[in-house]
Amino acid sequence: MPGDRRGDAFAAGEAGAQQLVEDTALEYLVLGDVTVLIDTTEGIQVITDDRVDRTARAEREEADRHPFGSAEKQAALLRMKHAELAARNQPGGYWVAAADPFAAQHAVTGDVPLDSVRRVAVLTDGAARLVALFGLLDWPDVLEVLEQNGPTELIRRVRAIEAATRPA
């Protein structure tokens with residue numbers, strides 16, 4: 001069928017998260033490289049769909065060997081992205097919302113008692129880099145930055161560390 005891109009690894013796709021308040025629970029759905037933080041009376045729950053990180057391991061290790069902003073890193077990242085795309089919306093790979101309506105069936109889902117929820121944050125993979133890649137903050141710090149200064153400050157910090165680690 002013309003325009004049907006369900007089998008096309010290069011078709012547009014999106015990561016996403018959704019929270020839904022249902023009676024006595026906060027339900028969540030995470031698909032792709034998104035992190036959901038749920039601050040509860042029992043502590044912070046970190047929900048991620050890390051399946052993309054389990055693909056293209058050799059290519060990712062190669063990309064990690066090069067400094068941010070270098071031509072070598074850019075070339076390695078491109079090879080990594082191609083390897084990741086080959087595993088997208090495939091059994092054993094990772095899933096994103098795309099032209100395949102069945103991708104949502106592969107989402108990470110769960111629920112948390114509503115009366116225990118204090119705060120919730122949804123982070124892109126870029127915003128989560130301060131913890132996941134750079135190790136400059138922990139998840140409680142991220143929630144505090146968001147609560148005190150908003151998402152603009154979190155993004156500013158990510159951009160600052162990226163600029164500081166980029167070769168001259």
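Colleague: Which residues gather in a patch of negative charge on the surface?
Modeller: In this predicted model, the patch of negative charge on the surface brings together Glu-22, Asp-23, Glu-27 and Asp-111.

Colleague: Where is Asp-111 found, as far as strands go?
Modeller: Asp-111 lies in strand E5, which covers residues 108-113.

Colleague: And is Asp-111 buried or exposed?
Modeller: Asp-111 counts as exposed, because its relative accessibility is 52% and the cut-off for exposed is over 50%.

Colleague: What about Leu-114, where is that found?
Modeller: Leu-114 sits in the loop that runs between E5 and E6, and with a relative accessible area of 30% it is classed as partly exposed. In space, the C-alpha of Leu-114 is 4.4 Å from the C-alpha of Ala-25, although the two residues are 89 residues apart in sequence.

Colleague: Changing topic, how many helices and strands are there in the protein?
Modeller: The protein has five helices and six strands, and, read from the N terminus, the elements follow the order β-β-β-β-α-α-β-β-α-α-α.

Colleague: How many residues are in the largest nonpolar core, and which have the most contacts inside it?
Modeller: The largest nonpolar core is made of 16 residues, and those with the most contacts inside it are Leu-37, Leu-123, Leu-130, Leu-137, Trp-139, Val-142 and Leu-154. At least two residues of this core come from each of strand E6 (117-124), helix H3 (129-132), helix H4 (139-149) and helix H5 (151-165).

Colleague: Which element gives the largest share of this core?
Modeller: That is H4, which contributes four residues.

Colleague: And what share of the protein do buried residues make up?
Modeller: Of the 168 residues in the protein, 35% are buried.

How values were computed:
Residues are numbered from 1 along each chain as its sequence is written. This is a predicted model: local features need pLDDT of at least 70, side-chain atom pairs count only at pLDDT 80 or more; totals for chains, interfaces and linings use all residues. Side-chain values use heavy atoms; hydrogens and water are left out. Patches are made of residues with over 30% relative accessible area and no salt bridge: like charges are joined within 9 Å, nonpolar side chains (Val, Leu, Ile, Met, Phe, Trp, Tyr) within 5 Å. Accessible areas come from the Shrake-Rupley method with a 1.4 Å probe; for residues, only the protein chains shown count as cover. A salt bridge is a side-chain nitrogen of Lys or Arg within 4 Å of a carboxyl oxygen of Asp or Glu. Lys and Arg count as positive and Asp and Glu as negative; His and the chain ends are not counted. The place of a charge is taken as NZ of Lys, CZ of Arg, CG of Asp or CD of Glu. Buried means under 20% relative accessible area, exposed over 50%, partly exposed in between (1.4 Å probe, protein chains only). A nonpolar core is a set of buried Ala, Val, Leu, Ile, Met, Phe, Trp, Tyr and Cys residues joined through side-chain atoms within 4.5 Å.
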